[in-house]
Structures are given as C-alpha cells and as structure tokens.
Amino acid sequence: MSLPPTQPPPDQPPAAAPSRRPVRSAAPKQNWTITNGIVTILTVAVLAASLFTLWTPANLFSNQMLDQMFAAWQAAGTPAVTYPSATPADKPVIGIVAGHWKNDSGAVCDDGLTEQEVNLKIATLVQQKLKKEGYIVDLLSEFDPLLSGYRALLLVSIHNDSCVYINDEATGFKVTAAMTSAYPERAARLTACLSTRYAETTKLSYHFGSVTMDMTDYHTFNEINTETTAAIIETGFLNLDRDILTNQTDLIAQGVVNGILCFTRNEDLGKPTSQP
Ligand SMILES: [Zn+2]
C-alpha cells in the first residue's frame with residue numbers, strides 16, 4: 001500500500017505531518033511481522049536440525065542450546081499434570097511400553113529366547129524403580145488401547161535388536177525421539193538424557209548407523225497425544241549383548257531409569273548421575 005508522498009489528500013491541510021498517517025505507521029509493523037515469521041521459521045529449522053544431528057556423541061554430551069531451552073521451559077513452570085492413565089493420578093505419569101508385549105515375539109533367538117520377554121522384564125523393572133521414586137507408572141503393551149491419545153509427562157518404549165549374529169560391531173544401544181512431538185526440544189532432551197545416562201550406567205556404547213525407520217517412524221509416536229514427550233530405546237543386541245541383557249537386567253533397567261530421572265529432574269548432562 002502506498003500514497004503519493006508529496007500530495008496530501010485534498011481534505012487535509014498541507015502541513016499535516018506525514019508520519020502521523022496510519023498508513024505510514026503501519027509499514028514498520030508489517031515488516032516486524034514478516035521478520036518475526038522468519039525468526040520463527042529459523043527457530044523451527046534449528047530445532048529440526050538439532051534433532052537430526054543429535055545422534056553424535058559430541059552433541060549428546062554438550063548440547064548447551066538444548067539444555068538452555070529446557071531450563072527456560074522448566075523455569076516457565078511445568079503444568080499441573082493430571083493425565084488419564086491406567087491409574088487415576090494427581091502426580092506426574094510416566095508410560096513405559098514393553099515392546100511387542102501382547103502382540104508378537106519380536107526378535108527370536110535360536111534357543112527360543114524372545115525379544116518380547118526381555119523387553120517385558122526390563123520394562124517391569126523400570127516401572128518398579130520409577131514407582132519407588134514416587135511416579136505413577138503405566139506399563140503398556142505394544143498396541144495398548146491406552147496409547148490412543150495417551151497423555152503423560154513422558155513415554156519410553158523399550159525394545160531390543162536382533163538375536164542373529166551380524167558382525168562384531170552389532171552391539172550397543174540406540175535411542176530415537178518422537179519427531180511428531182509438539183515440543184521437539186523436550187523430545188531431544190529426553191533422547192540426550194537417555195543416551196547419556198544409559199551409556200554411563202551400563203557401559204554399553206551408542207550403536208551408530210542402525211537407527212531404522214521402525215524407530216524414527218515408530219507407530220506409537222503417531223498414536224499418543226503430541227504433548228507427550230516420547231522416545232524409543234533399543235537397550236542392546238540380543239546376540240552380542242545377551243549376557244548383560246539377561247543376567248544384569250537390573251543394571252539395564254537402572255540405565256533407562258537414570259535417563260528418565262535425568263529428564264524429569266533436569267539434570268546437568270555434564271555431570272554423572274547420582275543414581276546407583
Ligand atoms: Zn522390537
């Protein structure tokens with residue numbers, strides 16, 4: 001929109017200050033709106049980039065930008081949480097999915113050990129440990145009816161990788177966040193907490209290069225409420241990590257719990273956890 005700069009409208013005196021005209025004053029406002037829009041787009045782009053580059057150890061251990069955003073979110077106050085769950089709750093609810101439970105076996109070992117039973121054992125221990133910390137914890141099956149629109153402080157789905165020998169590098173864990181989250185910075189923070197604390201606790205290493213579409217496009221992420229911060233962890237490979245997964249299951253579960261507590265307590269990722 002523009003007006004002739006030198007010719008005032010005939011019904012106004014020539015001496016009227018041009019800067020008082022509404023059209024003139026509207027111009028900077030419009031520019032500001034456009035600039036603000038670009039800033040918003042850039043912010044989203046940076047967040048998306050952070051999520052996709054999060055899987056490198058350097059970023060996992062020193063993502064100060066995410067730490068600052070999470071701190072800002074916490075400073076703004078966590079909303080009172082009274083989410084519907086298996087147990088009516090006035091305390092924060094945490095959802096733990098035992099991968100494949102009540103649906104299928106998942107990976108199967110030659111001697112009959114199934115991924116599903118390992119997942120369930122770990123998930124049950126995680127539930128017990130988090131309950132001791134004062135949380136309401138729902139133990140959910142792979143396609144649990146509760147998952148539709150599920151609202152909770154966070155949700156973690158526990159899986160394990162193949163029992164087939166692939167190569168000597170097929171060992172370690174993987175974590176992926178829900179990209180559909182309404183708060184990507186929280187999903188990134190949960191992923192960083194789980195990866196860091198799980199590695200510290202179990203001494204297993206992050207397995208690069210094998211995060212699959214099954215993880216990034218995990219069906220549960222599309223079922224839950226987008227405000228529920230969610231992640232999926234593959235706690236190890238059933239072949240090379242079988243010993244720690246089945247004989248030190250309590251330690252495996254503690255690794256997941258330490259990751260979750262790191263998120264709920266907003267722990268400094270640069271310092272080791274105080275949990276056993
Ligand atoms: Zn699985």
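## Fold, core and the H5–H8 contact

The protein chain of this predicted model has eight helices and five strands, taken as DSSP runs (helices H or I, at least four residues; strands E, at least two) numbered from the N terminus. Residues are numbered from 1 along each chain as its sequence is written. In this predicted model, local features need pLDDT of at least 70 and side-chain atom pairs count only at pLDDT 80 or more, whereas totals for chains, interfaces and linings use all residues.

Along the sequence the pattern is α-α-α-β-α-β-β-β-α-α-β-α-α. Of the 276 residues in the protein chain, 39% are buried (20 or more other C-beta atoms within 10 Å of the residue's own, C-beta atoms being placed from the backbone).

The largest nonpolar core has 57 residues, and Ile94, Leu154, Ala231, Ile233 and Val256 have the most contacts inside it. Such a core is a set of buried Ala, Val, Leu, Ile, Met, Phe, Trp, Tyr and Cys residues joined through C-beta atoms within 7 Å. Elements that each supply at least two residues of this core include those tabulated here.

| Element | Residues |
|---|---|
| Strand E1 | 93-98 |
| Helix H4 | 115-132 |
| Strand E3 | 154-161 |
| Strand E5 | 229-237 |

Helix H5 gives the most to this core, with eight residues. Leaving aside neighbours within four places in sequence, Leu154 is in contact with Ile94, Leu190, Thr228, Thr229, Ala230, Ile260 and Phe263 (C-beta atoms, placed from the backbone, within 7 Å).

Residues of H5 that meet H8 include Leu190, Cys193 and Leu194. By class, this contact of H5 with H8 has nine nonpolar, seven polar and two charged residues, where Ala, Val, Leu, Ile, Met, Phe, Trp, Tyr, Cys and Pro count as nonpolar, Asp, Glu, Lys and Arg as charged, and the others, Gly among them, as polar.

Methods
Two residues are in contact if their C-beta atoms, placed from the backbone, lie within 7 Å. A residue is buried if 20 or more other C-beta atoms lie within 10 Å of its own, exposed if 12 or fewer, and partly exposed in between; C-beta atoms are placed from the backbone.
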